[in-house]
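Trainee: I'm new to this one. Can you walk me through the structure?

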2 protein chains.
Amino acid sequence: MDTNGRRERVKLHIYNKTDGIEHFHQDIELLYVLEGTLEVTSGEETVHLEAEDIFVLNANKHHMLNGSENVLFLQLSILYQTVSDVLQSGDVIFWCNSTNDKSERYEELRKILKVLLKHYVEMKGDTANFGHIALCYRVLDNLSMYFLVRTSDKEMLDEQDKFDERIRQINNYIRANYSQPISLKELADQLYLSNGYLSRFFQAELWDEFCGISD
Amino acid sequence: MDTNGRRERVKLHIYNKTDGIEHFHQDIELLYVLEGTLEVTSGEETVHLEAEDIFVLNANKHHMLNGSENVLFLQLSILYQTVSDVLQSGDVIFWCNSTNDKSERYEELRKILKVLLKHYVEMKGDTANFGHIALCYRVLDNLSMYFLVRTSDKEMLDEQDKFDERIRQINNYIRANYSQPISLKELADQLYLSNGYLSRFFQAELWDEFCGISD
């Protein structure tokens, strides 16, 4: 929140240290390493980012960041609802990890991030201007053009990912609609699940965690 | 509103005719004539726009548009609250009228509007994408950099304008805060007016109109 209570849809931070604490949030998080190295651990997997690497953490993905002593990185927190509203989908995932993919599309994204960073420095960190907002939306444009996962691509996901994915879908749907009461039936309809499946899902061990999420 | 109920903050329309009916709205309206001519009448004043002219109608300004038979123009409706939130001011006015000012800053704005228009045509009028939104914010960036009126410039406004201006301020303040109850005292404090002045203001003939506005 800024001083006016306005929640910025895309929020830029520059960090030179990490706390190493596992956490999660609905915001989509883009990380761009400027100096040093950064380890991103999510579940069993750890990704090692070096300078110029870009990585996107999707909504509600548990993660933990550990940077080297000289680490400097840019973080963009992207409000999930902004993306789901514009793309008109409750099911948005970006696959963006420059450590295992050296394609040119990362070069273009880096260029935009550098322009955004330059503008941010020139404005002395003031983000209450339309130039900054326009550049943030250019990042989102690039992400949605080149890194958005379509449903047909998802067959590659393994079973564990499918389960995680289901949790994300349900949580995202509730968040996107949480100003209105949602029945289990509506939720099941939206997510193409049977009412019975969803009831069982809610009776599983995730219930406690889920209650926490939807607080 | 689009089909999802999302109110676009900047909405682009292309028109090839006008209805000639006087109206007003809180949205700031940018007009850019592509072909033909367009007359914009606001109060006693009529501005004659030709191809390549740009004109901004400020929030709540009564106006009427009359185009030639071959008119083609772009209209950007800009949600007032978006501008007042980002600029952190309840008092935003743009002075943008290329018919009486031939300075280079209009050339830059025209360029951005042409890029926006090209993108819009390429996307076949689909505005639910981040590229379109980024370009709309570039227009807002240009407007706020080169066409925003600062309070110190306003001494040039004559008495009638000051009165119109006061109505706009009050209306804009109420709109920007209309989710919360507003007392006359708060309104007076925000607008640096005495409570008595504001009471008299509300008892004047504007009361009926004002009630309509704040519906």
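Mentor: Start with a definition: helices (H or I, at least four residues) and strands (E, at least two) are DSSP runs, numbered from the N terminus. Read along the sequence, chain A then goes β-β-β-β-β-β-β-α-α-α-α-α-α-α. That comes to 7 helices and 7 strands. As for ground rules, this is a predicted model, where local features need pLDDT of at least 70, side-chain atom pairs count only at pLDDT 80 or more, and totals for chains, interfaces and linings use all residues. Residues are numbered from 1 along each chain as its sequence is written, chains are lettered from A and ligands numbered from 1 in the order in which they are written, and side-chain values use heavy atoms, with hydrogens and water left out.

Trainee: How much of chain A is buried?

Mentor: Of its 215 residues, 46% are buried. Buried means under 20% relative accessible area, exposed over 50%, and partly exposed in between (1.4 Å probe, protein chains only).

Trainee: Now the two chains. How many residues from each take part in the contact?

Mentor: Chain A gives 22 residues and chain B gives 22 residues. Contact means heavy atoms within 4.5 Å. About 1,900 Å² is buried between the chains, 67% of it on carbon and sulfur atoms. Buried area is the accessible area (1.4 Å probe) that two parts lose on being put together, summed over both.

Trainee: Which three residues supply the most on chain A's side?

Mentor: A:V86, A:F130 and A:Y137 supply 38% of the area that chain A buries against chain B, more than any other three residues.

Trainee: And how many salt bridges are there between chain A and chain B?

Mentor: The count is 0. A salt bridge is a side-chain nitrogen of Lys or Arg within 4 Å of a carboxyl oxygen of Asp or Glu. Helix α3(A) gives the largest share of chain A's touching side, 9 residues.

Trainee: What turn lays chain A on chain B?

Mentor: A turn of 180°, with a shift of 0.0 Å along the axis and an RMSD of 0.0 Å. That is the relation of a two-fold axis. Copies are superposed by least squares on the C-alpha atoms of residues with pLDDT of at least 70 in both. A:A134 is the residue of chain A that comes closest to the rotation axis, at 2.2 Å (C-alpha). The same surface serves both copies, as 100% of chain A's contact residues recur in chain B.

Trainee: Back to salt bridges. How many over all chains?

Mentor: The whole structure has 12. In one of them, A:E107 pairs with A:R110, the closest N and O atoms being 2.9 Å apart. Both lie in helix α2 (residues 105–122) of chain A, 3 residues apart, about one turn of the helix.

Trainee: Is A:R110 buried or exposed?

Mentor: A:R110 counts as buried because its relative accessibility is 12%. A:E107, at 42%, counts as partly exposed. A network of salt bridges links A:E52, A:E107, A:R110 and A:K114.

Trainee: Which residue does A:E8 meet in a salt bridge?

Mentor: A:K11, at 3.2 Å, N to O. A:E8 is buried, with a relative accessible area of 7%. A:K11 is partly exposed, at 25%.

Trainee: Last one. Where is A:Q75?

Mentor: A:Q75 sits in strand β7 (residues 72–78) of chain A. A:Q75 is buried, at 9%. Leaving aside neighbours within four places in sequence, its contacts include A:K11 and A:L30.
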